[in-house]
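Please study the structure shown below before reading on. The paragraphs that follow lead through its strands, then one of its helices, and finally some details of the backbone.

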Amino acid sequence: MNTFAKIFDHTILAAATTPEQLKKVCDDANAYGFCSVAVNTGMVKLCAEYLKGSDVRVDAAVGFPLGITTVECKLFEAEEAIKNGAGEVDYVINVGRLKCGDTAYIRDEMTRMVALCRKYGVICKVIFENCYLTDDEKRTMCQIAHEVKPDFIKTSTGFGTGSATVEDVRLMKESVGNDVKVKAAGGVKTLEAAQAMLQAGADRIGCSASVAIMQEYNQQS
């Protein structure tokens with residue numbers, strides 16, 4: 001098994017994704033041995049069928065990509081995705097609530113999402129969407145995560161105004177230490193970029209360029 005391949009959540013999140021396109025992504029994920037295939041919740045069941053018998057997990061994007069739905073909606077969406085075969089959940093925070101200083105809402109949402117994932121034994125990742133946040137707001141999110149302890153905190157959806165940066169990954173890792181892992185997502189398209197994220201402290205990378213990166217990696221190995 002190529003352990004480098006296991007850092008990747010191979011993503012297919014476009015609105016116009018077809019079953020045929022999803023099948024190709026799942027086949028690639030199986031061939032390379034990626035950690036997961038990240039999909040919108042409406043495709044979780046089909047993705048699970050395509051990955052049946054594989055150790056590649058289904059990663060469900062919840063409240064995606066805006067994060068403005070209610071906590072109850074996110075919990076329902078996450079639970080349905082888990083019952084349909086998701087082994088990991090990436091949910092988007094309510095950015096507006098954070099920016100107006102309602103940290104109690106953010107903490108409650110994270111606590112309930114983590115508890116739901118723990119109940120079913122699946123991985124929980126919290127998407128900050130850093131392109132909309134100040135460094136102080138990122139640190140506030142990290143402090144809450146350090147207390148609540150999701151499995152991962154994640155830089156971006158890839159659908160905002162900016163993507164993952166080395167600086168953000170470093171800030172997040174320094175803030176949470178070893179208690180919570182960091183996922184870099186959005187805009188990681190080359191082996192050099194992926195390695196820079198890992199060196200900054202990322203434990204997982206979400207991208208659609210996973211195959212190209214692995215091809216580049218294998219050529220250098």
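S3, helix H3 (residues 71–83) and S4 form a β-α-β unit that is right-handed. The model in which this unit appears is predicted. Strand S3 occupies residues 57–62, while strand S4 occupies residues 86–92. The two strands, S3 and S4, run parallel and are joined by 5 bridges. One pairing can be located by residue: aspartate 59 has glutamate 88 in S4 as its bridge partner.

Strand S3 is also joined to strand S2 (residues 36–40), again by 5 bridges, and S2 and S3 run parallel. Here asparagine 40 has alanine 61 in S3 as its bridge partner. Between S2 and S3 the chain passes through helix H2 (residues 44–50), and this β-α-β crossover is right-handed. How much of S3 is covered? The strand is mostly covered, since 5 of its 6 residues are buried.

Serine 36 offers a closer view of strand S2, in which it is placed. Its relative accessible area is 0%, so serine 36 is buried. The side chain of serine 36 makes a polar contact with the side chain of aspartate 9, at 2.7 Å. Apart from neighbours within four places in sequence, the residues in contact with serine 36 are Phe8, Asp9, His10, Val56, Arg57, Asp59 and Glu88.

Attention now turns to helix H6, which spans residues 135–148. The helix has 14 residues and reaches 20 Å from its first C-alpha to its last, close to the 20 Å expected at 1.5 Å a residue. Which residues of H6 are buried? They are Glu137, Lys138, Met141, Cys142, Ile144, Ala145 and Val148. These residues lie on the same side of H6 because they cover an arc of only 160° around the axis. A general rule helps in reading such a pattern: an α-helix has 3.6 residues a turn, so residues three or four places apart point the same way. On the other side of H6, Asp136 and Gln143 are exposed.

What covers the buried residues of H6? The covering elements include three helices, H4 (95–99), H5 (103–120) and H7 (166–176). They also include strand S5 (123–127) and strand S6 (152–154).

The last topic is the backbone in the loops. As background, most residues other than glycine have a negative phi, and most peptide bonds are trans. Lysine 149, just after H6, has a phi near 65°, a positive value in a residue other than glycine. Lysine 149 is placed in the loop between H6 and S6. With 34% relative accessibility, lysine 149 counts as partly exposed.

Glutamate 129 likewise is not a glycine, and its phi is positive, at about 60°. This residue lies in the loop between S5 and H6. Is glutamate 129 buried or exposed? Its relative accessibility is 3%, so glutamate 129 counts as buried; the cut-off for that term is under 20%.

The loop between S3 and H3 contains proline 65. The peptide bond that leads from phenylalanine 64 to proline 65 is cis, with omega near 0°.

Conventions:
Residues numbered from 1 in each chain as written. Predicted model: local features only at pLDDT ≥ 70, side-chain atom pairs only at ≥ 80, totals over all residues. Heavy atoms only, no water. Buried < 20%, exposed > 50% of the residue type's maximum accessible area, 1.4 Å probe, protein only. Helix = DSSP H or I, 4+ residues; strand = E, 2+ residues; numbered from the N terminus. Pairing = 2+ DSSP bridges. Right-handed = clockwise from strand over helix to strand, strands pointing away. Expected span 1.5 Å × (residues − 1). Arc of directions from axis to C-beta. Contact = heavy atoms within 4.5 Å. Polar contact = N/O pair within 3.5 Å; in protein donor to acceptor, adjacent residues only side chain to side chain.
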